[in-house]
Structure formats: C-alpha cells, structure tokens
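Below are my notes on the model, set out as numbered points for you to follow alongside the coordinates.

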Amino acid sequence: MLDVMRDPISPGPLHARTLPYDVVALVLQGGGALGAYQAGVYQGLHEAGIRPNWVAGISIGALNAAIIAGSPEAERVPRLREFWETICAAPVEWPAGEGLGDALPFAFDMRSLHNAFAATRALVQGQPGFFKPRFPPPFWSPFTGDAATSFYDTTPLHQTLERLVDFDLLNSGEVRVSVGAVNVRTGNLTYFDTADHPLGPKHFMASGALPPGFPAVEIDGEHYWDGGVVWNTPLSRVLNSEPRDTLTFQVDLWSAKGRVPNDLMEVSSRQKDIQYSSRTRAITDQVLRMQKMRQALQRTIERLPESAKKDPEIRAIADLARHRAYNIIHLIYQSKIYEGHSKDYEFGLNAMRAHWQSGLDDIRRTLTDPRRLDPPAPEIGIITHDVHRRD
C-alpha cells in the first residue's frame, strides 16, 4: 500500500480549477481518529486543483478545517500530514513491524490487536500534541472546573494549533470557515464563522470538546462542548445559507447503513455509527423542497404584469426564487472488518495511514468521472453522488 505519509506529495496545479459554482464547500464531520480519512480526501482534491472557498467542520473536522484554511495553498497537505503524524505518534511504538499484519495469514487479527493497543494507549497516556490525562483523575480531584469535569487536559492541542495554523490567514476571508459547537448552558448548536468574526484556537477546540473526555471551552463568558453532541455535520450550515450555486464535498466518518451486530462490541460500534452519522437525506430533501418552492415562485412572478415586477419587494422575491444548483458529492468512510467500537480513538500511525489512504482512494475514484462535477439539470436543481451507494 502506498505510504502517503512518507512519499513525496504532489503540489497539485498552480492555479485553482475553474468550476461553474459560486461556492465550493468542504464539509467535515466529527469522528476522532477517523478524521485522517478527511485529510486523504483533501489531498485528492488538492491534486485535482479543487480549492474549496468554504470549509465547515465539527469536532475533528473543525481541526482539519483549521489546518486547511490556516495554511498557504502549497502547505496545506504537508501541514495536515504534520498534524496527523503529531497527534498519532506513540511514546513507545508497537513492537511488530508495520508490514507484519499484511504478511501473516491472520492479518486482520493482527491489525485489530494493533488498533486495540493504540486505543488503550490513547486512554492511558493521551496523545502527543493533542491531550494528556489529568492527575488526579476528575472523580478524585479536590478542585472544581476543568479538573473535576474532564479526564484529559487539551492544552497540548492549543499549542499544536498555534504552531500549525496561521490564524491571520485563516481570518483573511480567502476561505470562509464555519465550525459548530454546543452551548453547554442553552443546549443550542452554535456556529463560529469567519464571516461573522475572527476565529482563534479556542473556537476550534470548543468544536472538539467532547465530554466527559475533554473540558468545555469558555468563549465570551459561555461554555461550549463538541458540536457532535447535537448535530455531527455542518452540511445544513452550508446549504441553508444565502442561496448560491454550490458544489459540496461532504466527508463523513460514520455510515448510517451497516449490518446487524452479532455481539456487544459490534452493538457499541453500530450504535456510534447511527448516532454520529449525517442525516444527509433529510437535509437534501429539505433543499429539494426549497428548490420546488423557488420554481413555483418563478412561475407565479412570470404571470404578474410588468408594472408589478418592478416593485422592489417583488424584485427581491424574484432574486430569492432564482434558480440555484446544488451538487453534493458524499464520501463516507467505510469501516474495516478488523475495526471495533474504539476506532474513533485508535490514534496509531498504522491506522491513521490506512484511513488517509482510504480517503485518497475514494476521492480519486470519485473524480475519475468528470460528470460528477457538473451542475444538476435546472428542472431538478439538486443532485448527490456517492461512490459507495448501492441503491
């Protein structure tokens, strides 16, 4: 298997590819260690000359968004690589060689064991540049606040973001960035958006502050948890914004579809898949209803006399009713048979490289058919593509 983490990375075309859309959005779901899949997808987009002008993320998707939008174009993939190599590094590496799992006849058993070790190490030791365990643990803490409400200290992540992300560039307006977090007091999903105000490390850490592992992040007097607690994809943020022709690459880490579990471990894994999967069909159905409403408004306005069409309010309605094209390219990480319920915190280098390669393979496969980038027919208005779809 190609080692995407060590082989030279293609810088991609010097100029962004021209596409017939106002917005090219990259939507990144939460999913912990599985987020390396999103980095692989971005590498494939970068190679193809596709440069998103809006990146929206939740949880690990928000961290990937920070790296992408906060890096010069030529540095985006290398910095993603550095980020993932940093947070997946191990103080003491697993003694078996990286190729051993592929060479033995019981390969997936070895990989399963390797991943389980990585997950246990993350729980016990934390991950460099990401989080470290609290001592004493929260249930023994004599203090209140973060020490009593979370198992891990995420100070290392703050330092990693400051090192790898150019926040002046991120807030420059070159790429719009939106990240979702939950207000702990109100329970409402909030989006921090560069279209509204500048973002800093805390906004991205808030989006990934999954309780009770990580502490809530205080911003302007309010406390925030991981956006995935309420809604694990920012797709609606992109599609429900001011209507514009939009190409969206939605990169999910949990699949809503899956087989019926055979044991309790599989039950736990399947529960996570369902709980954190995107409700893409519900969102696209809503957009389709809006498209039909626009078409009905267009037909109604066409019947009005010319004098009425000059009315400012009618002209404003006509602008809102103007045809919009929505193309959603949906990529979903497909779990491997040797992965268990801990796949989202298996921060091992081997697992990370496999996830990255899966994302790279999926987007390359998607882009082999150039028609997938075409706007939908006007009478439809919205289309979705998924290389893994079976129905």
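1. Helix H2, residues 60-69, is a reasonable place to begin in this predicted model. The buried residues in H2 are Ile60, Gly61, Ala62, Leu63, Asn64, Ala65, Ala66, Ile67, Ile68 and Ala69. Since 10 of the 10 residues of the helix are buried, H2 is largely enclosed by the rest of the structure.

2. The annotated positions come next. The UniProt record, an unreviewed entry, places the feature "active site" at Ser59 and Asp226. Although these positions are spread over 168 residues of sequence, they cluster in space, with a largest C-alpha distance of 5.9 Å. Both Ser59 and Asp226 are included in the lining of the second largest pocket.

3. Serine 59 lies in the loop between strand S2 (54-58) and H2. With a relative accessible area of 11%, serine 59 falls under the 20% cut-off and is therefore buried. Leaving aside residues up to four places away in sequence, serine 59 touches Gly30, Ser207, Gly208 and Asp226, so that one of its contacts is with the other position that the record annotates as "active site".

4. Aspartate 226, for its part, belongs to strand S8, residues 222-226. Its relative accessible area is 3%, and aspartate 226 is therefore buried under the same 20% cut-off. When residues up to four places away in sequence are not counted, aspartate 226 touches Ile58, Ser59, Val182, Ala206, Ser207, Gly208, Ala209 and Leu210. Ser207 and Gly208 thus appear among the contacts of serine 59 and also among those of aspartate 226.

5. Helix H11, residues 264-276, can be checked for its length: at 1.5 Å a residue, its 13 residues should span 18 Å, and the end C-alpha atoms are 18 Å apart, which agrees. In H11, the residues Ser269, Arg270, Lys272, Asp273 and Tyr276 are buried. These buried residues cover an arc of only 155 degrees around the axis, which puts them on the same side of H11. The face of H11 turned away from that buried side carries the exposed residues Leu264 and Gln271.

6. A last point concerns confidence. The mean pLDDT of the protein is 87, and 91% of its residues reach 70 or more. Two stretches call for separate mention: pLDDT stays under 50 over residues 96-102, for which the model has 10 contacts beyond four places in sequence, and pLDDT also stays under 50 over residues 104-108, for which the model has five such contacts.

Key
Residues are numbered from 1 along each chain as its sequence is written. This is a predicted model: local features need pLDDT of at least 70, side-chain atom pairs count only at pLDDT 80 or more; totals for chains, interfaces and linings use all residues. Side-chain values use heavy atoms; hydrogens and water are left out. Buried means under 20% relative accessible area, exposed over 50%, partly exposed in between (1.4 Å probe, protein chains only). Helices (H or I, at least four residues) and strands (E, at least two) are DSSP runs, numbered from the N terminus. The expected span of a helix is 1.5 Å times one less than its number of residues. The arc is that of the directions from the helix axis to the C-beta atoms. pLDDT is the predictor's confidence in each residue, from 0 to 100. Contact means heavy atoms within 4.5 Å. UniProt positions are given in the numbering used here, feature names are shortened, and annotations may be inferred rather than shown by experiment. On a 1 Å grid over the protein atoms alone, a cavity is a set of points where a 1.4 Å probe fits but cannot get out, and a pocket is an open set with protein on both sides within 12 Å along at least five of seven lines; lining residues have an atom within 4 Å of a point.
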